[in-house]
Amino acid sequence: MKPDDTDWALLAALQHDAAQSNQALAERAGISPPTALRRVRRLHDEGLISAQVALLDEDRVAALQGHGLTAIVEVTLDRQGAEHQDAFERRAVADDAVRQCYRVAPGPDFVLLLRVPDMPAYQRLAERLFTQDANVRNVRAFFSVKRAKFETQVPLVRG
């Protein structure tokens, strides 16, 4: 499937606000509501839309729950084979505190974005993911003091 301009307009509108009514979505894309509904279903079926979610303000939620700590962590493995990288990646993405996991090059092997309630929770995570894994050579953690920008939209380039 190759998206046309209408599909791109629908994707852009949904990235802006996935909770808008089908009527509003159709108006933004310049099509009828039944056409909008059919096309959005097709975009889901084709895998261009993987999920529609509510984005919560992590800082406000953390304030209501008492704490919140975000860490950006670089991880370098000792053994570099694909099976070793796959094994670490499986362990990292299975951990609820790992919000994002990237394999990167050059430099460290992985960059992880972690969200934990507090420093003791970070210590438990570090022991689970880094200390107990004999293949982890080096870990550098950076703790966020302020998030200046957070963007979820994928840039869309047409044509």
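**Pockets and salt bridges in a predicted model**

Author: In this predicted model, 28 residues line the largest pocket, and Glu58, Thr70, Arg99, Arg115 and Arg147 lie nearest its centre. The volume of this pocket is about 910 Å³.

Reader: Which helices and strands each supply at least two residues of that lining?

Author: They are α4 (58-65), β1 (69-77), β2 (98-103) and β3 (110-116). By class, the lining of the largest pocket divides into 14 nonpolar, six polar and eight charged residues.

Reader: What is the volume of the second largest pocket, and what makes up its lining by class?

Author: The second largest pocket has a volume of about 600 Å³. Its lining holds 18 residues, with Leu14, Gln15, Ala51, Gln52 and Thr152 the closest to the centre. Eleven of the lining residues of the second largest pocket are nonpolar, six are polar and one is charged.

Reader: Why is the pairing of Arg39 and Asp7 called a salt bridge?

Author: The criterion is a side-chain nitrogen of Lys or Arg within 4 Å of a carboxyl oxygen of Asp or Glu. The N to O value for Arg39 and Asp7 is 2.9 Å, so the pair qualifies under the 4 Å limit. Arg39 lies in helix α3 and Asp7 in helix α1 (residues 5-16), so the salt bridge ties together parts that are 32 residues apart in sequence.

Reader: How do you know whether Asp7 is buried or exposed?

Author: Buried means under 20% relative accessible area. Asp7 has 2% and is therefore buried; Arg39, at 17%, also counts as buried.

Reader: Why does Arg42 count as partly exposed?

Author: Its relative accessibility is 29%, which falls between the 20% and 50% cut-offs, so the term is partly exposed. Arg42 too forms a salt bridge with Asp7, the closest N and O atoms being 2.9 Å apart.

Reader: What makes Arg103 and Asp86 a salt bridge, and which parts does the pair tie together?

Author: Their closest N and O atoms are 2.4 Å apart, which is within 4 Å, so the criterion is met. Arg103 lies in strand β2 and Asp86 in helix α5 (residues 82-94), so the pair ties together parts 17 residues apart in sequence. Asp4, Asp7, Arg39 and Arg42 are joined into one network by salt bridges that share partners.

Reader: Why is Thr35 called buried?

Author: Thr35, in helix α3 (residues 33-45), has 19% relative accessibility, which is under 20%, so it counts as buried. A polar contact of 2.9 Å joins the side chains of Thr35 and Ser32.

Key:
Residues are numbered from 1 along each chain as its sequence is written. This is a predicted model: local features need pLDDT of at least 70, side-chain atom pairs count only at pLDDT 80 or more; totals for chains, interfaces and linings use all residues. Side-chain values use heavy atoms; hydrogens and water are left out. Helices (H or I, at least four residues) and strands (E, at least two) are DSSP runs, numbered from the N terminus. Buried means under 20% relative accessible area, exposed over 50%, partly exposed in between (1.4 Å probe, protein chains only). A polar contact is a pair of N or O atoms within 3.5 Å; within protein, one must be able to donate a hydrogen and the other to accept it, and residues adjacent in sequence count only if both atoms are side-chain atoms. On a 1 Å grid over the protein atoms alone, a cavity is a set of points where a 1.4 Å probe fits but cannot get out, and a pocket is an open set with protein on both sides within 12 Å along at least five of seven lines; lining residues have an atom within 4 Å of a point. Grid points are joined across faces, edges and corners, and a volume is the space filled by probe spheres set on the points. Ala, Val, Leu, Ile, Met, Phe, Trp, Tyr, Cys and Pro count as nonpolar, Asp, Glu, Lys and Arg as charged, and the others, Gly among them, as polar.
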